[in-house]
Amino acid sequence: MEHPIRKIVMAALFAALCCAATMVIQIPSPMQGYVNLGDCVVLLSGWMLGPWYGLAAAGIGSAMADVLLSYAHYAPGTLVIKGLMALVCGLLAARRTEGGFVRRVISGAAAEVLMVAGYFGYACLLLGKGLAAAASIPGNLFQGAVGVTAAVVLYGMLEKSGSLRYFRKVGLHS
């Protein structure tokens with residue numbers, strides 16, 4: 001039996017995790033500045049909550065981080081881009097075939113390509129940076145690689161520990 005309240009609560013918890021992982025966990029980047037583990041939680045949201053609850057959790061949590069970190073001008077784009085990342089991840093990884101690891105890597109990579117293109121388009125067209133927005137592409141590619149790697153490793157650890165049984169039990173995970 002599905003429990004919509006449980007799904008909503010888990011989506012809210014993942015939104016908080018997305019926000020915290022974006023704001024708190026910062027890793028120095030060779031590209032300039034820092035990368036964060038927000039994308040790791042965005043991908044996990046799609047895989048563990050499914051495409052629609054993952055979309056809500058990833059979009060809302062990541063946009064909240066932008067607002068709280070004083071990047072409110074990025075929040076609308078982040079809401080859509082990170083939400084779509086989780087949606088793509090959830091849809092591509094949900095197919096019930098063998099090769100779950102490969103599906104997660106492919107769905108994560110597809111989601112990160114969407115992120116790089118999405119932020120380029122948002123900065124280029126909506127923030128008015130024009131082609132100067134291309135300067136963010138290498139950093140976003142590195143951010144995406146870190147996000148996919150961390151998410152695949154963490155998901156594997158959760159799977160191995162048996163922690164994913166709860167998500168299957170309450171109908172959140174296939």
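Is Gly50 buried or exposed, and what is its relative accessible area? Gly50 is buried, with a relative accessible area of 14%. The cut-off for buried is under 20%. This glycine sits in the loop between α2 and α3. Its phi is positive, about 95 degrees, just after α2. Across the chain, Gly50 and Val102 are 52 residues apart, and their C-alpha atoms are separated by 17 Å. The model is a predicted one.

**Overall build**

The protein chain holds 7 helices and 2 strands. Read from the N terminus, the order is α-β-β-α-α-α-α-α-α. The radius of gyration is 16 Å, close to the 16 Å that the globule rule gives for 174 residues, so the chain is as compact as a globular protein of that length. Its C-alpha trace spans about 50 × 30 × 25 Å along the principal axes.

Buried residues make up 45% of the 174 residues. Contacts were also sorted by sequence separation. Of those with a separation of 6 or more, 68% join residues 24 or more positions apart.

The chain exposes about 9100 Å². Carbon and sulfur atoms supply 71% of that area. Charged side chains number 12 positive and 6 negative. The centres of the two sets lie 7 Å apart.

**Three helices by length**

The table sets residue counts beside end-to-end spans.

| Helix | Residues | C-alpha span, end to end | Expected span |
|---|---|---|---|
| α2 | 12 residues | 16 Å | 16 Å |
| α4 | 19 residues | 26 Å | 27 Å |
| α5 | 27 residues | 37 Å | 39 Å |

For α4, the 26 Å between end C-alpha atoms agrees with the 27 Å expected at 1.5 Å a residue. The spans of α2 and α5 are likewise close to expectation. After α5 comes Gly128, with a positive phi near 75 degrees.

**Helix α2**

How many of the 12 residues of α2 are buried? The count is 12 of the 12, so α2 is largely enclosed by the rest of the structure. The buried set includes the polar or charged names Asp39 and Ser45. It also includes Trp47, Met48 and Leu49 at the end that leads to the loop. Gly38, Cys40, Val41, Val42, Leu43, Leu44 and Gly46 are buried too.

**Helix α4**

Helix α4 covers residues 75-93. Its buried residues include Ala75, Gly77, Thr78, Ile81 and Lys82. Gly83, Met85, Ala86, Leu87, Cys89, Gly90 and Ala93 are buried as well. In an α-helix there are 3.6 residues a turn, so residues three or four places apart point the same way. Which elements cover the buried residues of α4? The cover includes α2 (38-49), α3 (51-68) and α5 (100-126).

**Two buried residues of α3**

Ser62 lies in helix α3. At 4% relative accessibility, Ser62 counts as buried. Leaving aside neighbours within four places in sequence, Ser62 is in contact with Cys18, Val42, Thr78 and Lys82. Val42 is one of the buried residues of α2. Thr78 and Lys82 are among the buried residues of α4. Leu125 is 63 residues from Ser62 in sequence, and the two are 21 Å apart in space, C-alpha to C-alpha.

Ala65 also belongs to helix α3. Its relative accessible area is 0%, so Ala65 is buried. Beyond neighbours within four places in sequence, Ala65 is in contact with Cys19, Thr22 and Met23. Ala65 and Ala75 are 10 residues apart in sequence and 8.2 Å apart in space, C-alpha to C-alpha. Ala75 is itself buried in α4.

**The loop between α3 and α4**

Ser70 is found in this loop, between α3 and α4. At 62% relative accessibility, Ser70 counts as exposed. The cut-off for exposed is over 50%. Most residues other than glycine have a negative phi. Ser70 has a positive phi of about 70 degrees although it is not a glycine.

**Loop residues side by side**

Gly50 and Ser70 both take a positive phi, about 95 degrees for Gly50 and about 70 degrees for Ser70. Gly50 is buried at 14%, whereas Ser70 is exposed at 62%. Gly50 lies in the loop between α2 and α3, and Ser70 in the loop between α3 and α4.

Conventions:
Residues numbered from 1 in each chain as written. Predicted model: local features only at pLDDT ≥ 70, side-chain atom pairs only at ≥ 80, totals over all residues. Heavy atoms only, no water. Helix = DSSP H or I, 4+ residues; strand = E, 2+ residues; numbered from the N terminus. Rg over C-alpha atoms; globule rule 2.2 N^0.38 Å. Buried < 20%, exposed > 50% of the residue type's maximum accessible area, 1.4 Å probe, protein only. Contact = heavy atoms within 4.5 Å. Areas by Shrake-Rupley, 256 points an atom, 1.4 Å probe, with all protein chains shown as cover. Lys, Arg positive; Asp, Glu negative; His and termini not counted. Charge placed at Lys NZ, Arg CZ, Asp CG, Glu CD. Expected span 1.5 Å × (residues − 1).
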